[in-house]
Amino acid sequence: MQCRVVYNRLYSIIEVLAAMFVVAVLCACNQGDLNRGDEALRIGDYDRAIVNFSKVLDMEPTNRDARYGLAIAYYAIAEDKERLKENTLAFWERTVREFKILSVVDSSEKSKPMYSTSLFYLARAMLAENAQSKVMPLLDRSIQLDPENYFSYNLKALILAGQGDTDEAKKIYAYIVTREPKFASAYVNLGNLYWNVHDYESAWDIWSMGHEALPQDPVLAKWTRIAEDSLKAMVYSGKL
């Protein structure tokens, strides 16, 4: 009887040791794949990075580092496609998907700015594919993740203005230039809203303010000059 007890204990110990050995081997394999993924990511070999990070996630789906590396790899590929002016919709969809999964695994602030930017690019790619795409939820989520993502604010204002809600669009543009005085597009777009309703004085005020903040920006320089010429013509004709 005593021998049987000893045997059972030894068998249990062997089972535990075997399980520990398997875990150790898996951890070593995961760490090796993770390191190879990091190296591939560092040198811009994004396809190989994806392969290695995916191997880790096949064994350990909640591995935060692998999830982060995979999301960054897809982001980098989508960004490269963006620079080459290629169709990026599918790439940004996959990138956003990876960041969404990452947000479940990792609740820290580390990935939020890139997740926010990915949502902006996805919204823009969807609009390029179909101008009627419903992207406002994406932009709102983008802004929620990163309240300083003024690109998402700017695109939201453009959509609102296109839908006829110019008052809300003006508020957003004013908010942008107050928070980020170097954001050229917000000055241009806000001035356009006034220009389109023939409020040339207000348009000049906005564009000249932007031109003062960004004297090297050719678009603001151009429209400031056009508005000045229009105001001068109105003065000479007695309309102002």
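## Fold and salt bridges of a helical chain

In this predicted model, 46% of the contacts in the chain between residues at least 6 apart in sequence join residues at least 24 apart. The chain has 11 helices and zero strands. Of its 240 residues, 39% are buried. About 14600 Å² of the chain is exposed, and carbon and sulfur atoms supply 56% of that area.

The structure contains 11 salt bridges. Side chains of opposite charge can pair when their charged atoms come close. The table lists some of the pairs.

| Salt bridge | Closest N to O distance |
|---|---|
| Arg 42 with Glu 39 | 2.9 Å |
| Arg 48 with Asp 45 | 2.5 Å |
| Arg 124 with Glu 82 | 2.3 Å |

Arg 42 and Glu 39 sit three residues apart, about one turn, in helix H1 (residues 2–42). Arg 42 is exposed, with a relative accessible area of 59%, while Glu 39 is partly exposed at 42%.

In the pair of Arg 48 and Asp 45, Arg 48 counts as exposed at 52% relative accessibility. Asp 45 is partly exposed at 23%.

Arg 124 and Glu 82 form a salt bridge that links distant parts of the chain: Arg 124 belongs to helix H5 (residues 112–129) and Glu 82 to helix H3 (residues 64–83), 42 residues apart. Arg 124 is partly exposed, with a relative accessible area of 38%. Glu 82 has a relative accessibility of 18% and therefore counts as buried, the cut-off being under 20%.

Arg 67, Arg 94 and Glu 98 are joined into one network by salt bridges that share partners.

Definitions and conventions. Residues are numbered from 1 along each chain as its sequence is written. This is a predicted model: local features need pLDDT of at least 70, side-chain atom pairs count only at pLDDT 80 or more; totals for chains, interfaces and linings use all residues. Side-chain values use heavy atoms; hydrogens and water are left out. Helices (H or I, at least four residues) and strands (E, at least two) are DSSP runs, numbered from the N terminus. Buried means under 20% relative accessible area, exposed over 50%, partly exposed in between (1.4 Å probe, protein chains only). Contact means heavy atoms within 4.5 Å. Accessible areas come from the Shrake-Rupley method with a 1.4 Å probe; for residues, only the protein chains shown count as cover. A salt bridge is a side-chain nitrogen of Lys or Arg within 4 Å of a carboxyl oxygen of Asp or Glu.
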